[in-house]
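Visitor: I have not read a protein structure before. Please take me through one, feature by feature.

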Amino acid sequence: MSEADLPDSATQQSMASPLAAEMRREPIVCAPTTPVRDAISRMRTHRIGSIVVVDTTGAPIGIFTLRDLVDRVAPDSAVLDKPISSVMTGDLCTVPPSATVYE
């Protein structure tokens, strides 16, 4: 590996930063009962590509992304009035804000 292949100090420092230091704003969230149509509208309003689905305690239980929209909603527009939980991606792997970017 040459010196040119090594990450610069700014990159190394960034990877060691806690996630909380890199966050620009709070994530946009919705309840699992939120209609798909409303979740998509919220994504459009906030100009974001995903929305986190949270339970009543605020813990993340899923995420709905533009890929989910293309793969699960576009082929069947009848799901627009169903709960977001019917089309979200579940089984999330999460880390706390204190975790480093590298983690």
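Guide: Start with the strands. Two strands pair if DSSP finds at least two bridges between them. Strands (E, at least two residues) and helices (H or I, at least four residues) are themselves DSSP runs, numbered from the N terminus. As for the source, this is a predicted model, in which local features need pLDDT of at least 70 and side-chain atom pairs count only at pLDDT 80 or more, while totals for chains, interfaces and linings use all residues. Residues are numbered from 1 along each chain as its sequence is written, and side-chain values use heavy atoms, with hydrogens and water left out.

Visitor: Which residue in S2 is the bridge partner of Cys30?

Guide: The partner is Val53. Val29 likewise has a bridge partner in S2, namely Val52. S1 and S2 pair in the parallel sense, over two bridges.

Visitor: By what route does the chain cross from S1 to S2, and is the crossover right-handed or left-handed?

Guide: Handedness is judged with the strands pointing away from the viewer: if the path from the first strand over the helix to the second runs clockwise, the crossover is right-handed. Here the chain passes from S1 through H3 to S2, a β-α-β crossover that is right-handed.

Visitor: Do S2 and S3 run parallel or antiparallel, and how many bridges join them?

Guide: They run antiparallel, joined by five bridges. Val52 of S2 has Ile63 as its bridge partner in S3. The hairpin of these two strands has five residues between them, and there Gly58 takes a positive phi near 90°. Taken together, the three strands form an open sheet in the order S1-S2-S3, with mixed pairing. S1 and S3 are the edge strands, each pairing on one side only.

Visitor: Next, the helix in the crossover. Which residues of H3 are buried?

Guide: The word has cut-offs: buried means under 20% relative accessible area, exposed means over 50%, and partly exposed lies in between (1.4 Å probe, protein chains only). In H3, the buried residues are Val36, Ala39, Ile40 and Met43. They sit on the same side of H3, because they cover an arc of only 100° around the axis. That arc is taken from the directions from the helix axis to the C-beta atoms.

Visitor: What do the buried residues of H3 pack against?

Guide: They pack against S1 (29-30), S2, S3 (60-65) and H4. Just after H3, Arg47 takes a positive phi of about 55°.

Visitor: How many residues does the largest nonpolar core have?

Guide: A nonpolar core is a set of buried Ala, Val, Leu, Ile, Met, Phe, Trp, Tyr and Cys residues joined through side-chain atoms within 4.5 Å. The largest one here has 15 residues, and those with the most contacts inside it include Cys30, Phe64 and Ile84. H3 and S2 (50-54) are the elements that give two or more residues to this core. The largest share, four residues, comes from H3.

Visitor: What is Phe64 in contact with, leaving aside its neighbours within four places in sequence?

Guide: Contact means heavy atoms within 4.5 Å. With those neighbours left aside, the contacts of Phe64 include Val36, Ile40 and Met43, as well as Val73 and Val87.

Visitor: Last topic: how many salt bridges does the structure hold?

Guide: A salt bridge is a side-chain nitrogen of Lys or Arg within 4 Å of a carboxyl oxygen of Asp or Glu. The structure holds three. One joins the side chains of Asp81 and Arg37, at 3.1 Å from N to O. This pair links distant parts of the chain, with Asp81 in the segment after H4 (66-73), Arg37 in H3 (residues 36-46), and their positions 44 residues apart. Asp81 is exposed, at 57% relative accessible area, and Arg37 is partly exposed, at 40%.

Visitor: Where do Asp71 and Arg67 lie?

Guide: Both lie in H4, four residues apart, about one turn of the helix. Their side chains meet in a salt bridge of 3.6 Å, N to O. An α-helix has 3.6 residues a turn, so residues three or four places apart point the same way. Arg72 and Asp68 are also four residues apart in H4, and they form a salt bridge whose closest N and O atoms are 3.1 Å apart.

Visitor: Is Asp68 buried or exposed?

Guide: Asp68 counts as buried, because its relative accessibility is 5%. Its partner Arg72 is partly exposed, at 36% relative accessible area. Leaving aside its neighbours within four places in sequence, Asp68 is in contact with Ile63, Val73, Val87 and Thr89.
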